[in-house]
Amino acid sequence: MNDSIAQLEIGEKGIICDIAIDKIPLKLLEMGCLPGKEVELLQKAPLQDPLYIRVNGSYLAIRVETALQIAIEKI
Amino acid sequence: MVSKQHIKIALVGNPNTGKTSLFNQLTGLNQKVGNYPGITVDKKQGICHLSKELDATIIDLPGTYSINPTSVDENIVYETLVNNQNPDFPDVVVVVAEVENLKRNLFLFTQIKDLEIPTVLVINMADQMLRKGIKIDISVLESELNSKVVLLSARKKTGIGSLKNVLKEYQNLNTKTVADVSERIHGHFFERISKSLPQFSTYKSWLLITQERDCNFISIQEQEKINIFKSKRDKIKKFQHKEAIYRYQVINEILKKTYFVNREEGTDLRGKLDHILTHKIFGYVIFAMILIVIFQSIFAWANIPMEWIDGAFAQLASFAKAQLPSGKFTDLIAEGVIPGIGGIVIFVPQIAVLFMFVAILEETGYMSRVVFLMDKIMRRYGMSGKSIIPLVSGTACAIPAIMSSRNIESWRERLITILVVPFTTCSARIPVYAIIIALIIPDKHYFGIFNLQGLTLLALYFLGFVAAISSAYLLHKVLKIKNRSFFVIELPNYKIPSIRNISITVIERTKAFVFGAGKIILAISIVLWFLASYGGKEFKNATKIVQDKNSSRDFSDTDLQQEIATYRLEHSYIGMLGKTIEPAIEPLGYDWKIGIALISSFAAREVFVGTLATIYSVADKGENTLTIKERMRNEVNPITGGKRFTFASGLSLLLFYAFAMQCMGTLAIVKRETNSWKWPILQLFGMTGLAYIAGMIAYQFFK
């Protein structure tokens, strides 16, 4: 099992390698969260959830349950 | 006059691209907010004069990231652009993109191009290009996108003229697709689609297939054909996924040739501000401080204009009474209509101030940070971080608060938010609390600063918040609605808010509130006036009966008048109603007079004080609360022989008003927003039942 976005530490980056399409909203893909794109964890909310990420030029906040469905390769 | 041509232009774009600024620039104050039939998303339209021969209706569609709808707002965009029978179906679509996020904005653009509607791309915030080191090759971009591209800055008002020039020539716009999905994803599947439904463009059919709901604007035969394709759910998901990837490939290719950024990465303003504003301690402290400022301004600053309005309406009423020929009609105007309108207008300062703060927080980009900060906490109670905005707005008035819940994607989270918002202590409860606290809570100070009456008011605010949160928790456990809860929010760049945009927002929303809620409150205050001004035989002969009864006593004229007024009220229709419900409210410590106030304040809570003032026959000499208070204090409970407003019955009233659903306006708006009577009825009985039980326990325990 690969790492997911939820395993990133603040400031760490990864490349998205797989997305569980059944479990995450299409909207996230449409906002640019796609395989092959670089993702950086910018911040976690005070209770460790949601996560504040930068992906493909967009700044987004997603919940951890969604982040777990996006597999990455850390860089 | 020469017959003028008229076209429809739709503005479409991602949120935070300055679409509304552009709309304001194109139309000025020449706009109106309506509703889409059946749903209550604001429909903003305005007129823009393009030339002597050509006028355009500009339709500002809600912000969206894609044509595939995930919320009520986004569904509007889908239905407007996909259904060419729609009365709002545009002749031209203007896609508003922002210079920094061009890539993501182009996603939506390529989707719309595939619908083969004439489309113009506007790249907004062009004034930022130099500072951010961005260069765009417009002529190459135009040929790559088969479209006209206009660089402009809606805030700095540059480039608006060139956009208008392009729109004038709308007949020459290219309708060729940019990223033809049908060929690249799965040719065979899409070939079958276009063969089966030759009357639609392939992409339109594809959009119809991907929607979960059936759509109401195509024929049954067409829907049947669509359903055949729809059944292949797994395939569709995969293709949608592919479509997104493919579109970004095309966009990246195009941008490689046309979009150049020369920017040193580093800690920018966004990073620094985010670090403080979403900090695990400072983040909450700053949010709390902002809330305090908002409350302070709603309750302290808005008070001054509210007093003016109050005074002005009182004067207007007595002026009408003095100037118009006396009679029933004048009474209706002076006692029914004018106070009724005054009852709405008096809340305008509070609501405008609140709207102003919400608009500023949204424009600056801070609101998204609060949503980010609060999401986890709110989720425990079945709500979303986005529920914070309605809950804060609810302290002014539940009606606009409920309307602001529309951007919550999950229906379940949105419904729970709508259901619990009316528990927050709205401004209409304040006058009721104020008078009862003054009656039953001693005016004592502790440690020099804490005033017991003030603390009680604070406790009531807290109680409202606790009631909202705990009922949300209960609903979260009980509601059997399955709804994919998902949550994505964009954290936009910080911006200095534009005064023009904020003033337009405040004016438009306040207008919508006054006319929306106003109609209902006005209608009910007229009905109440009728019920209080007519009655049976005793009502008609009140003067004679009272005079006869008191002929032996030495009454001054005013006292006699008051005695007559009280007798009249008792025998008016509303008095009869009060008598009828008396047995039901006796366990709470109330009599028929309070019963009348309860019934009349069902329309709006603040009516309570006014009704009591009439009932306790205070001659209306302006706002003399001392007299009302004294009258209420002297009121005797005939059964116990003691005071009517004891600590027990007063506390019972406070709790009743804290919990009960006594607001027709809120019920009406909940019906509109949930599109069903089920939820407002649940609120009415649930909240009022809780209020009854709490009031009864308090009275029985303390009496």
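Strands β5(A) and β12(B) are paired in the antiparallel sense through three bridges, where two strands pair if DSSP finds at least two bridges between them. Helices (H or I, at least four residues) and strands (E, at least two) are DSSP runs, numbered from the N terminus. The model is predicted: local features need pLDDT of at least 70, side-chain atom pairs count only at pLDDT 80 or more, and totals for chains, interfaces and linings use all residues. Residues are numbered from 1 along each chain as its sequence is written, and chains are lettered from A and ligands numbered from 1 in the order in which they are written.

The inter-chain pairing belongs to an open sheet of seven strands, with antiparallel pairing and the order β1(A)-β6(A)-β2(A)-β3(A)-β4(A)-β5(A)-β12(B). Its edges are β1 (3–4) of chain A and β12 (488–490) of chain B, each of which pairs on one side only. Within chain A, strand β4 (residues 51–55) runs antiparallel to strand β5 (residues 58–62), and five bridges join the two. Leu60(A) in β5(A) is the bridge partner of Ile53(A). Leu60(A) also has a bridge partner in β12(B), namely Glu490(B).

Between the chains, 26 residues of chain A are in contact with 29 residues of chain B, contact being defined by C-beta atoms, placed from the backbone, that lie within 7 Å. Both α1 (26–30) and β5 of chain A supply at least two residues each to the side of chain A that touches chain B. That side comprises 16 nonpolar, five polar and five charged residues. In this classification Ala, Val, Leu, Ile, Met, Phe, Trp, Tyr, Cys and Pro count as nonpolar, Asp, Glu, Lys and Arg as charged, and the others, Gly among them, as polar.

Two helix pairs in chain B involve α22(B). Axes are lines fitted to C-alpha atoms, for helices over the stretch in contact, and angles run from 0 to 180 degrees between N-to-C directions. Helix α20 (residues 411–420) of chain B packs on helix α22 (residues 452–478) of chain B at an angle of about 140°, with the axes 9 Å apart. The arrangement of α20(B) and α22(B) is therefore oblique; angles under 35 degrees count as roughly parallel, over 145 as roughly antiparallel, 65 to 115 as roughly perpendicular and the rest as oblique. In the contact, Ile416(B), Leu419(B) and Val420(B) of α20(B) meet Ala468(B), Ser471(B), Ala472(B), Leu475(B) and His476(B) of α22(B). The contact of α20(B) with α22(B) has six nonpolar, two polar and no charged residues.

For helix α21 (residues 430–440) of chain B and α22(B), the axes come within 10 Å and cross at roughly 135°. These two helices, α21(B) and α22(B), are therefore also oblique to each other. Tyr433(B), Ile437(B) and Ala438(B) of α21(B) make the contact with Gln453(B), Thr456(B), Leu457(B) and Leu460(B) of α22(B). Five nonpolar, two polar and no charged residues form the contact of α21(B) with α22(B).

Some backbone geometry remains to be described. Most residues other than glycine have a negative phi, and most peptide bonds are trans. The peptide bond from Asp49(A) to Pro50(A) is cis, with omega near -5°, and Pro50(A) lies in the loop between β3 (38–44) and β4 of chain A. Asn675(B), which is not a glycine, has a positive phi of about 55° and is found in the loop between α32 (664–674) and α33 (678–702) of chain B.

Conventions
Two residues are in contact if their C-beta atoms, placed from the backbone, lie within 7 Å.
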